Amino acid sequence: VPQLERVTSRVNEAVEQSRQASMRTRAEERRIRSFIADISHDLRTPLTSVRGYLQLLERTELDAVQRERLAAAHRQSVELGALVDRLYEYAYLLDAQVELEVEQIDLGVLVGECLLGMTAPIETAGLEVEFAPPAQLQITTDRAMLTRIIQNLLRNAVQHGRDRLLIE
């Protein structure tokens with residue numbers, strides 16, 4: 001019986017150590033999620049300021065080399081903005097219990113709406129848009145999530161695309 005008591009005591013100690021380790025792990029995960037969310041939020045304010053100054057510079061008289069450098073800075077600010085957005089979404093998804101709100105959506109209409117929302121960056125990137133979606137392409141999905149996916153694809157096209165953006 002004393003041997004059984006020692007085994008039981010050791011098992012109980014191991015269970016308690018495991019429980020405490022699990023609690024420490026969950027607390028550390030919460031701390032990391034909070035840190036990621038805070039960093040992504042804190043980066044948005046100076047990035048918005050940088051974009052504002054770039055827009056002010058666009059309104060001044062610049063030579064061709066200066067305009068080229070300004071366009072490069074603008075592209076980099078758009079890329080940084082996309083990275084910050086992804087970081088923020090990552091923190092959100094780590095913390096959120098995602099519940100899909102499924103509905104019937106016309107994909108062409110949604111892509112068109114997203115394109116309109118990206119008009120300024122598309123024009124700044126000098127992309128010619130050819131948009132010819134199929135008529136009545138209905139899908140059943142979560143509008144918010146699909147919108148984020150389309151916006152990410154459009155941001156990538158603005159950042160890395162050249163000359164023409166073809167959407168069929």
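A salt bridge here is a side-chain nitrogen of Lys or Arg within 4 Å of a carboxyl oxygen of Asp or Glu. By that rule, six salt bridges turn up. Before we walk through some of them, a word on what you're looking at. This is a predicted model, so local features need pLDDT of at least 70 and side-chain atom pairs count only at pLDDT 80 or more, while totals for chains, interfaces and linings use all residues. Residues are numbered from 1 along each chain as its sequence is written, and side-chain values use heavy atoms, with hydrogens and water left out.

How confident is the predictor? On pLDDT (the predictor's confidence in each residue, from 0 to 100), the protein chain averages 87, and 98% of the residues score at least 70. Among the elements (DSSP runs numbered from the N terminus, helices being H or I with at least four residues and strands E with at least two), strand β2, residues 128-131, has the highest mean pLDDT at 94, and helix α2, residues 64-95, the lowest at 86.

Start with helix α1, which covers residues 2-58. V15 sits in this helix, and because its relative accessible area is 53%, V15 is exposed (over 50%; buried is under 20% and partly exposed in between, with a 1.4 Å probe and protein chains only). Together with V7 and V11, V15 makes a nonpolar surface patch of about 250 Å². Such a patch takes residues with over 30% relative accessible area and no salt bridge, joining nonpolar side chains (Val, Leu, Ile, Met, Phe, Trp, Tyr) within 5 Å and like charges within 9 Å; the areas come from the Shrake-Rupley method with a 1.4 Å probe.

Also in α1, E16 and R19 are three residues apart, about one turn of the helix. They form a salt bridge, with the closest N and O atoms 2.6 Å apart. Further along the helix, S40 counts as buried because its relative accessibility is 0%. Setting aside neighbours within four places in sequence, S40 is in contact (heavy atoms within 4.5 Å) with V84, L87 and Y88.

Now for a salt bridge between helices: D85 pairs with R44, the closest N and O atoms being 3.3 Å apart. D85 is in helix α2 and R44 in helix α1, so this pair links distant parts of the chain, 41 residues apart. R44 and D85 also join R155 in a network of salt bridges.

Next, the nonpolar core, meaning buried Ala, Val, Leu, Ile, Met, Phe, Trp, Tyr and Cys residues joined through side-chain atoms within 4.5 Å. In the largest one, with 16 residues, L115, I150, L154 and L165 touch the most other members. Elements giving two or more residues to this core are α3 (107-117), α5 (143-160) and β4 (164-167). The largest share, five residues, comes from α5. Not counting residues up to four places away in sequence, L165 touches L115, L127, E128, V129, E130, L154 and A157.

R164 and E130 meet in a salt bridge of 3.2 Å, N to O. R164 lies in strand β4 and E130 in strand β2, so the pair ties together parts 34 residues apart in sequence.

Finally, two loop residues. Most residues other than glycine have a negative phi. Q136, in the loop between β2 and β3 (138-142), has a positive phi of about 50° although it is not a glycine. D163, in the loop between α5 and β4, has a positive phi of about 70° and is not a glycine either.
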